[in-house]
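Hi,

Here is the structure I said I would pass on to you. Have a look at it first, and then read my notes below.

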Amino acid sequence: MVAPFFGYIAHEVLLQMEKYFFDLPVYRLTKSKYYKWRDETQIRPHEENWLSVRGRPMPQESKNALDQHVYEKYGPWEFNEIIGYIRLYFLGSQIRGDYLSAEKSGIQLVVEGCSLIEL
């Protein structure tokens with residue numbers, strides 16, 4: 001049960017959210033760190049294993065197949081490492097933002113550290 005005061009705050013937040021103009025993604029890793037992690041943990045070990053077992057570098061055809069597999073499994077950075085969004089909106093003459101968390105338990109609106117609404 002939500003107290004009447006908090007219900008009012010939640011209603012005001014929803015009204016403000018209707019005036020939003022942009023959602024900024026918040027990433028867990030930078031683009032360069034993501035691709036470095038992917039190369040070090042998913043691609044390089046296979047190339048090194050190929051070299052040690054077969055005694056020669058991995059052929060380009062096999063590298064292309066491996067790259068495609070890793071891309072299909074992990075996807076591109078732009079859509080894979082988002083942990084939340086900052087929703088920008090107008091409030092009078094000000095530009096404000098609210099953080100929306102994209103945790104696996106569901107998206108929650110977080111304002112000043114307290115969760116007001118679960119979407």
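Is Glu81 buried or exposed? Glu81 is buried, with a relative accessible area of 7%. Before I get to what Glu81 is doing there, please keep in mind that this is a predicted model.

**The overall layout**

The chain has 119 residues, and 22% of them count as buried. You will find four helices and five strands, and going along the sequence they come in the order α-β-α-α-α-β-β-β-β. If you take the contacts between residues at least 6 apart in sequence, 55% of them join residues at least 24 apart. On the outside, the chain exposes about 8800 Å², with carbon and sulfur atoms supplying 57% of that.

**Strands S1, S2 and S3**

Try starting with strand S2, residues 82–91. S2 runs antiparallel to strand S3 (residues 94–101), and eight bridges join the two. They make a hairpin with two residues between the strands. Gly92 sits in that turn and has a positive phi of about 65°.

S2 also pairs with strand S1, residues 20–27. That pairing is antiparallel as well, with seven bridges.

Gly84 is a handy residue for seeing how this fits together. Val26 stands opposite Gly84 of S2, and Gly84 also has a bridge partner in S3, namely Ser101. Arg87 has a partner in S3 too: Asp98.

**The salt bridges**

How many salt bridges are there? The count comes to three, and I went through them one at a time.

- Asp23 and Arg87: their closest N and O atoms are 2.8 Å apart. Asp23 belongs to strand S1 and Arg87 to strand S2, so this pair ties together parts that are 64 residues apart in sequence. Asp23 is partly exposed at 26% relative accessible area, while Arg87 counts as buried at 19%.
- Glu81 and Arg28: here the side chains meet at 2.6 Å, N to O. This pair links distant parts of the chain, 53 residues apart: Glu81 is in the loop between helix H4 (77–80) and S2, and Arg28 is in the loop between S1 and H2. Glu81 is the buried residue I opened with, at 7%, whereas Arg28 is exposed, with a relative accessible area of 51%.
- Lys31 and Glu78: the closest N and O atoms are 3.2 Å apart. Lys31 lies in helix H2 and Glu78 in helix H4, so the pair ties together parts 47 residues apart in sequence. Lys31 counts as partly exposed at 40% relative accessibility, and Glu78 is partly exposed too, with 27%.

**A buried arginine without a partner**

Now have a look at Arg38, which is in helix H2 (residues 31–54). What is the nearest side chain of opposite charge to Arg38? That would be Asp39, at 4.2 Å. A salt bridge needs a side-chain nitrogen within 4 Å of a carboxyl oxygen, and Arg38 has no salt bridge although it is buried. Leaving aside residues up to four places away in sequence, Arg38 touches Ile43, Val70, Tyr71 and Gly75.

**A nonpolar patch on the surface**

The other thing to look at is a nonpolar patch on the surface. Phe21, Phe22, Leu24, Ile86, Phe90 and Ile95 form this patch, and together they have about 530 Å² of accessible area. Which strand gives the most to the patch? S1 does, with three residues. S1 and S2 each supply at least two of the patch residues. One of the residues in the patch is Ile86, which is found in strand S2. Ile86 counts as partly exposed, at 30% relative accessibility.

**Where to look first**

If you only have a few minutes, I would go to S2. S2 is joined to S1 by seven bridges and to S3 by eight, Arg87 in S2 forms the salt bridge with Asp23 of S1, and S2 supplies at least two residues of the nonpolar patch. After that, turn to Arg38 in H2, buried and without a salt bridge.

Best wishes

Terms used: Residues numbered from 1 in each chain as written. Predicted model: local features only at pLDDT ≥ 70, side-chain atom pairs only at ≥ 80, totals over all residues. Heavy atoms only, no water. Buried < 20%, exposed > 50% of the residue type's maximum accessible area, 1.4 Å probe, protein only. Lys, Arg positive; Asp, Glu negative; His and termini not counted. Contact = heavy atoms within 4.5 Å. Areas by Shrake-Rupley, 256 points an atom, 1.4 Å probe, with all protein chains shown as cover. Pairing = 2+ DSSP bridges. Patch = residues over 30% accessible without salt bridge, like charges linked within 9 Å, V, L, I, M, F, W, Y side chains within 5 Å.
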